[in-house]
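Trainee: Could we go through this model together? I should like to begin with the overall fold and then turn to individual residues.

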Amino acid sequence: MDWYDNRIHQGVAKVAQKYGWDLLCLHKTQNQQGIPACWRGDGAITLISHKETAQFFNDHKIPVIDLGLEQHGLRVPRVVTNNKMIGEMAANHFLERGFTNFYVPFECGLPMFEERSESFKNTLKKAGYECQVLNSPNIYDEHLFNHSSDWWKKKLPQLQFPAALFAFEDSWAAQWLALLESIGYKIPSEVAILGADNDPLISTASHISLSSIDTDQHGLGVRAAEALEVLISQAQSGSLLLIKHDPLNTITRASTDVIASSNPVVNRALAIIYDDITINASGLAQKMEMSVQGLQRSFRGHFHMSPGQIIRQLRLRRVKYLLIHSKMSSEDISRQTGFYSIQALHLFFKRETGITPGAYKRLKISPS
């Protein structure tokens, strides 16, 4: 691999044990961008980002799974994160909290992050909002802290508060969190910051923990290794298959743990909903000592969804997560997500997704 994430390696290792593989985990050296000249293997999982690497696999006809989106000309399968879904999840994470001012740090030119950025912007646009680009330096070229606080204060545009910044991935998000706090911004009340990949070290390294989209790097390794087994066993080296691995969910920590609506009624209602997604619209109105009609009017004037819509959206997301990532019974899932019976959950899920909870679970656990 041209980069290291131990969760990907662990996913690959899990499959390796299943098929009896021996693994050799190679890293690039200071003096070599490609693969060691005399290495020969039955297959490889790597990020092909250099022409030397691409040339090696082309010359020696070694089956390979590419974990990236670079245009290298090789006809090989790719297993990548579903960046479109990551962008959508990031936008919805902020929209559901009442944000109306959105930012990304820069356009970096990397295909993976371009996909995340474009999806983030498109999702916001559908909801009626625009996203601004800060046009800051690309941290692949230089560190944010190469510049002084005074330089940044002059460089950064005037942020509209409360601001929502999607920084594409955790290491960038953590740097932005540290930078913005150092020049006087309050996190998250003035600027909320979201990363992606849910790196267990980065997300908890600061005194303000980082919210992040869990892209399931372990699962990505498993999918890549299973795809390689197909190549090795069936000799399908010419396949153009693109496998997009879906993220799991958004982990909310201190950096975005805030309700940002400027309307006090909507703000309080959202806080209640997030505290208890089993509540319904009439129960919410009762708790706020309002009529259902009055509550709906407040939402129509100051929010892009009705109370019922956001409750349904949060419930659906929670049900999907529990179906895939828990061993809870259908009855327990129904109770935890606010449905009075399994049948009610079943009807809701099919109406919202077009398939039954059981079909969804089979589709996600045993993807084609």
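Trainee: How many helices and strands does the protein chain have?

Mentor: The protein chain has 14 helices and 10 strands. Helices (H or I, at least four residues) and strands (E, at least two) are DSSP runs, numbered from the N terminus. Please note that this is a predicted model, in which local features need pLDDT of at least 70 and side-chain atom pairs count only at pLDDT 80 or more, while totals for chains, interfaces and linings use all residues. Residues are numbered from 1 along each chain as its sequence is written, and side-chain values use heavy atoms, with hydrogens and water left out.

Trainee: What is the radius of gyration of the protein chain?

Mentor: The value is 23 Å, close to the 21 Å that the globule rule gives for 368 residues, so the chain is as compact as a globular protein of that length. The radius is taken over C-alpha atoms, and the rule is 2.2 Å times the number of residues to the power 0.38. Along the principal axes, the C-alpha atoms fill a box of roughly 75 × 60 × 35 Å.

Trainee: And what percentage of the residues is buried?

Mentor: Buried residues make up 48% of the 368. Buried means under 20% relative accessible area, exposed over 50%, and partly exposed in between (1.4 Å probe, protein chains only). As for contacts (heavy atoms within 4.5 Å), residues 24 or more positions apart account for 66% of those with a separation of 6 or more.

Trainee: Turning to the aromatic residues, how many aromatic pairs are there?

Mentor: The count comes to 19 aromatic pairs. Rings of Phe, Tyr and Trp (its six-membered ring) pair if their centres lie within 6.5 Å; planes under 30 degrees apart count as stacked, over 60 as edge-to-face and the rest as tilted. F106 and F168 form an edge-to-face pair, at 6.4 Å centre to centre and 75° between the planes.

Trainee: Where do F106 and F168 lie?

Mentor: F106 lies in the loop between strand 4 (101-104) and helix 4 (111-126), and F168 in the loop between strand 6 (163-166) and helix 6 (170-182), so the pair ties together parts that are 62 residues apart in sequence. Both F106 and F168 are buried. Ring pairs also link F94, F99, F106, F113, F120, F166, F168 and W172 into a cluster.

Trainee: What about F145: which residues does it touch?

Mentor: Not counting residues up to four places away in sequence, F145 touches Q175, A178, L179 and S182. F145 is placed in the loop between strand 5 (131-133) and helix 5 (149-155), and is partly exposed, with a relative accessible area of 47%.

Trainee: A change of topic: which residues does a cis peptide bond join, with omega of about -10°?

Mentor: That bond joins F161 and P162, and P162 is found in the loop between helix 5 and strand 6. A cis peptide bond also joins I187 and P188, with omega about 5°; P188 lies in the loop between helix 6 and strand 7 (191-196).

Trainee: And phi: is the value for N198 positive or negative?

Mentor: Phi of N198 is near 50°, a positive value in a residue other than glycine. N198 is buried, with a relative accessible area of 11%. E289 has a positive phi of about 60° although it is not a glycine.

Trainee: Is E289 buried or exposed?

Mentor: E289 is exposed, with a relative accessible area of 78%. E289 lies in the loop between helix 9 (281-287) and helix 10 (292-302).
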